Amino acid sequence: MSDQGMKNLEQLYLSKITRRIGEINERLIWSDRTAIPDVALAETMEHLPLAAAKKLTYRPVKDGHKWGQAWGTGWFRLRFRIPSGFKGETVAIRFKTEGECIIFRDDTPVQALDQGRAEYIVSERARGGERLELYVEAGANAAFGGFVMRVMSQPELLALNREVWDSYWDLQALAGMVDPAEHKTWLGNRILRAMQPDDTRRARIIYALNKAVDLFDYDHPSRGALREQARRVRRALKPIYDCRANASAQTVACLGHAHIDVAWLWPLAETVRKCGRTFSNVIELMERYPEFKFAQSQPQLYEYTKQRYPALYRAIKQKVRTGQWAPTGCMWVEADCNVTSGESLVRQILFGTRFFRKEFNSSVLDLWIQDVFGYS
């Protein structure tokens, strides 16, 4: 077969793999969907704490409801009962508001919702019959200050097929290594490709993925059969994951991080909410994945969290003690370094290191200013 013929065949495989992974995500991970009918909304231009938000006037809303104004807030109240048919299942809600959201449960921020994450697990193993009330604070903000009316989709309860979820990410991670057309990482204007087109390992991964996606029954999926099919997928991919890198490959330690501009193209109050959304996500992931580690800079962000979300801040401090959360960067904020005076830079470091020592008993020795566009 000619080189062009091989490239065409490879592209057919990649297109099929991408399509099948999309089908798994859309159709096989979640099941037993049921709508949550009791949804009410209150809108405000203020950035309110939960206690004040609960006192707003709430009105029932349904699927397709349009809401929001530039930099306004929608508070959604969800009341529901987990059906008895969900007994023993991992149960989640799916809620799309088209805004950046944070969920409050028992008066505590527990997770964010946005375009990249629309589900929140409400019970790892449901008893069936539990009654819950959630408040969801949704910001009607958009990138660069742009605004269009938001449209709410009716929230629903779903059962998570855990084995399918795990196999989906095994497939997705490998696909991201071999298909730059579908999975891109941007650094400025450059696309970083994890593997070269002529890499033998890349060909083996494509071959394995092509075989693995065929192990699911896409036409007549049943819960029991899907579990076993997902296990077969993971077993089929295990030899690929077990392969050692080449002898000269480096060992890399990866930590999560959230770069949050304290002041940018949004009000300062929005920075506070971004802390709540981001850090509640991180804590939720740490609870689910104890091996996950996260580094966060800028004491100002911690101070915002301490003032606005005290329960979340206590959870952060606990994760610092266990070693999962690493305070990093010795400046109070990631300061401009072109026009700032020397005295000001020293003060940034003084106040930053003092905060971390007092709050976390942590002596931070690194300077973290990766986004300042120049150094003095």
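Helix H1 and helix H4 make a left-handed crossing in this predicted model. H1 covers residues 3–28 and H4 covers residues 200–212, and their axes come within 10 Å of each other, crossing at roughly 50°. Angles that are neither under 35 degrees, nor over 145, nor from 65 to 115 count as oblique, and H1 and H4 are therefore oblique to each other.

If you would like to select the side chains that make this contact, start on H1 with Glu 10, Tyr 13, Leu 14, Lys 16 and Ile 17, which meet Arg 202, Ile 206, Leu 209 and Asn 210 of H4. Sorted by class, the H1 and H4 contact holds five nonpolar residues, one polar residue and three charged residues.

Let us stay with H4 for a moment, since Ile 205 is also found in this helix. Is Ile 205 buried or exposed? Its relative accessibility is 6%, and under 20% means buried, so Ile 205 counts as buried. Leaving aside residues up to four places away in sequence, Ile 205 touches Leu 174, Met 177, Val 178, Met 195 and Ile 240. Tyr 241 lies 36 residues from Ile 205 in sequence, while the C-alpha to C-alpha separation of the pair is 9.5 Å.

**Other helix pairs**

Packed helices are described by the angle between their axes and the distance between those axes. Here are the pairs side by side.

| Helix pair | Residues | Crossing angle | Axis distance |
|---|---|---|---|
| H1 and H4 | 3–28 and 200–212 | roughly 50° | within 10 Å |
| H6 and H7 | 268–288 and 299–308 | roughly 85° | within 9 Å |
| H8 and H9 | 310–322 and 342–360 | about 85° | 11 Å |

H6 and H7 have axes that cross at roughly 85°, which makes H6 roughly perpendicular to H7. On the H6 side, Leu 268, Thr 271, Val 272, Cys 275 and Phe 279 take part, and they meet Leu 301, Tyr 304, Thr 305 and Arg 308 of H7. The classes here are six nonpolar, two polar and one charged.

H6 also carries Glu 284. This residue has a relative accessible area of 10%, so Glu 284 is buried. Beyond residues up to four places away in sequence, Glu 284 touches Val 110, Gln 111 and Arg 117.

H8 and H9 pack at about 85°, and the two helices are therefore roughly perpendicular to each other. Tyr 313, Ile 316, Lys 317 and Val 320 from H8 meet Phe 355, Glu 359 and Phe 360 from H9. By class, this contact of H8 with H9 has five nonpolar and two charged residues, with no polar ones.

**The sheets**

Now for the strands. Strands of a sheet pair through backbone hydrogen bonds, in either a parallel or an antiparallel way.

One open sheet has four strands in the order E1-E12-E6-E9, with antiparallel pairing. Its edges are strand E1 (30–35) and strand E9 (119–123), each of which pairs on one side only. From one strand to the next, the twist averages 30°.

How many bridges link E6 and E9? Strand E6, residues 91–94, pairs with E9 in the antiparallel sense over four bridges. Two positions help you find the register: Ile 93 stands opposite Tyr 120 in E9, and Ala 92 has Ile 121 in E9 as its bridge partner. Although E9 is an edge strand, E9 is mostly covered, with five of its five residues buried.

Another open sheet has six strands, ordered E3-E2-E5-E10-E7-E8, and its pairing is antiparallel as well. Strand E3 (59–60) and strand E8 (108–113) are at the edges with a single partner strand each, so one side of each has no neighbour in the sheet. The partner of E3 is strand E2 (residues 38–44): two bridges join E2 to E3, and they run antiparallel. Within this pairing, Leu 41 stands opposite Arg 59 in E3.

Methods:
Residues numbered from 1 in each chain as written. Predicted model: local features only at pLDDT ≥ 70, side-chain atom pairs only at ≥ 80, totals over all residues. Heavy atoms only, no water. Pairing = 2+ DSSP bridges. Axes fitted to C-alpha atoms, helices over the stretch in contact; angles between N-to-C directions. Contact = heavy atoms within 4.5 Å. Nonpolar A, V, L, I, M, F, W, Y, C, P; charged D, E, K, R; others polar. Buried < 20%, exposed > 50% of the residue type's maximum accessible area, 1.4 Å probe, protein only. Left-handed = near helix turned anticlockwise from the far one by under 90°.
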